Amino acid sequence: MKLLPMIAALLLAGSAAGAEESPTPRLRGFTMPDAPQHLKAAKEAGGNAVRLMTRPKVKSAPDGGYTLDISHIETFLDAAKEAGVAVIIDLHDVPNPNRKNYRSDRVGSKADFWKDDGNLEFMIRFWTQVAELCKDRPETIWFDLCNEPLNWEDMPSYPKKWPLWAQTLIDRIRRIDTVHEIVIEPGPGGLCWGFREFPKLKGDRLIYSVHNYQPHAYTHQGISSLENTDLAKAYLETNLGWPGSYGDSGGGLWNKERLKRELAPAREFQLKHNVRMYVGEFGVVRWAPNAERYLRDNLEIFEEYGWVWTYHAFREHNCWSFEHKPVFGKTERSETPTATARVMREFLDRNAR
């Protein structure tokens, strides 16, 4: 390539990331449960960040209300600092005591969630406590406001109340903590469809996030159920390969180019508003044929777009584990690196560079 065209190509590649200058290092790592004992292992596996899936501990108060105990988050942050990894605190569940009165079906329960402003009050209480905890901590800590916001009645868009709620949370956090990044997942759920109409919110150090398990018929094959997710569905067939034809999102052939088309709303939002993007979750069951190729296709896209990412998951449920043998129905750890482990390590090693 001649010099001028080469320089132009490099400039275009740099601008293609479409993100404001980041005050923190490029993050690549894993989602994790509240298991600080595994943080050093996550670091040794190549990650420089972990997304803590936290469910606040609710205690009944004498006045009939409730209090929130977030001491476990402080313990996790201390362990992460010692291990040398950044932490994305993910509010993975909103255990508002009012939920006991919601309808039991998945559509009704989600609709009742968004009709109940008590959930916003719960999130305000949680995030103001977290902001007080973190405001003087110099470590890299991000606040992921709400995991996979979803209202089935508003599909295929984001929950209509969510932009207002998210802006309220941002404003309340910034009264206390003006330093740490805030992550917004538009939804619906882990999908990126909501980016088509989601507004750019007001504030500094805001990061927008998407999850990717598309196509679910491939990534979730063989899973009979998943706890605490509205994507719960039985995929009893196994040995479904990648690339392949699946019915998700209108059906058709799914490959790397199809993934790009599905992620296009998030990419277009990034370029239009010049914001940073974060893939908070992505993954595939370990026994899916060609799982390593699926992961590579995703990771190459994320790296091309300049997106931060955390793989789901590290030492959570064994079905997502790249440390276990890729055999359906067995939970044996592999004595040698699996194909998916090798792909993950290849991209995680970029942290060292």
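**Exercise 1. Find which residues of the largest nonpolar core touch the most other members.**

Start with the core as a whole: it holds 92 residues. Now look for its best-connected members, and you land on Ile89, Trp127, Leu145, Trp162, Ile184 and Tyr208. Keep in mind that you're working with a predicted model. Next, see which element gives the largest share: that's helix H5 (residues 118–134), with 10 residues. Then pick one of the well-connected members, Leu145, and skip its neighbours within four places in sequence. Its contacts include Met123, Trp127, Trp162, Ile182 and Ile184. Finally, another core lies apart from the big one; it has 9 residues, among them Leu27, Ala49, Ala86 and Val308. For background, nonpolar side chains tend to be buried together in soluble globular proteins.

**Exercise 2. Work out how the rings of Tyr158 and Phe198 are arranged, and what their pairing ties together.**

Begin with the total: there are 26 aromatic pairs. In the one formed by Tyr158 and Phe198, the centres are 5.0 Å apart and the planes make an angle of 85 degrees. Planes over 60 degrees apart count as edge-to-face, and that's the label for Tyr158 and Phe198. Now place the two residues. Tyr158 is in the loop between strand S6 (141–144) and helix H6 (162–174), while Phe198 is in the loop between strand S7 (181–184) and strand S8 (206–212), so the pair ties together parts 40 residues apart in sequence. Both residues are buried. One more thing about Tyr158: the charged end of Lys160 sits over its ring, 5.1 Å from the centre.

**Exercise 3. Decide whether Phe302 and Trp307 are stacked or edge-to-face.**

Take the angle: it's 20 degrees between the planes, with 6.1 Å from centre to centre. Under 30 degrees counts as stacked, so Phe302 and Trp307 are a stacked pair. Check their surroundings next. Phe302 is buried at a relative accessible area of 0%, and Trp307 is buried with 0% as well. Then follow the ring pairs outward: they link a cluster made of Phe30, Phe282, Phe302, Tyr305, Trp307, Trp309, Tyr311, Phe314 and Phe322.

**Exercise 4. Trace which strands pair with S11, and say why S11 counts as largely enclosed.**

First, burial: 7 of the 7 residues of strand S11 (residues 276–282) are buried, so the rest of the structure largely encloses the strand. Second, look for partners. S8 and S11 run parallel and are joined by 6 bridges, with Asn212 standing opposite Phe282. S11 also pairs with strand S12 (residues 308–311), again in the parallel sense, over 2 bridges; here Val279 has Trp309 as its bridge partner. Third, add the helix: S11, helix H10 (residues 291–305) and S12 make up a right-handed β-α-β unit.

**Exercise 5. Describe the surroundings of Ile207.**

Locate Ile207 first: it belongs to strand S8. Its relative accessibility is 1%, and buried means under 20%, so Ile207 counts as buried. Now list contacts, leaving aside neighbours within four places in sequence: they include Trp142, Ile182, Val183, Ile184, Met277 and Tyr278. For a distance check, take Glu185: 22 residues separate Ile207 and Glu185 in sequence, and their C-alpha atoms are 8.7 Å apart.

**Exercise 6. Sum up the protein's secondary structure and burial.**

Count elements: 11 helices and 12 strands. Then take burial: 53% of the 353 residues are buried.

Key:
Residues are numbered from 1 along each chain as its sequence is written. This is a predicted model: local features need pLDDT of at least 70, side-chain atom pairs count only at pLDDT 80 or more; totals for chains, interfaces and linings use all residues. Side-chain values use heavy atoms; hydrogens and water are left out. A nonpolar core is a set of buried Ala, Val, Leu, Ile, Met, Phe, Trp, Tyr and Cys residues joined through side-chain atoms within 4.5 Å. Buried means under 20% relative accessible area, exposed over 50%, partly exposed in between (1.4 Å probe, protein chains only). Helices (H or I, at least four residues) and strands (E, at least two) are DSSP runs, numbered from the N terminus. Contact means heavy atoms within 4.5 Å. Rings of Phe, Tyr and Trp (its six-membered ring) pair if their centres lie within 6.5 Å; planes under 30 degrees apart count as stacked, over 60 as edge-to-face and the rest as tilted. A charge sits over a ring if NZ of Lys or CZ of Arg is within 6 Å of the ring centre and within 35 degrees of the ring normal. Two strands pair if DSSP finds at least two bridges between them. A crossover is right-handed if, with the strands pointing away from the viewer, the path from the first strand over the helix to the second runs clockwise.
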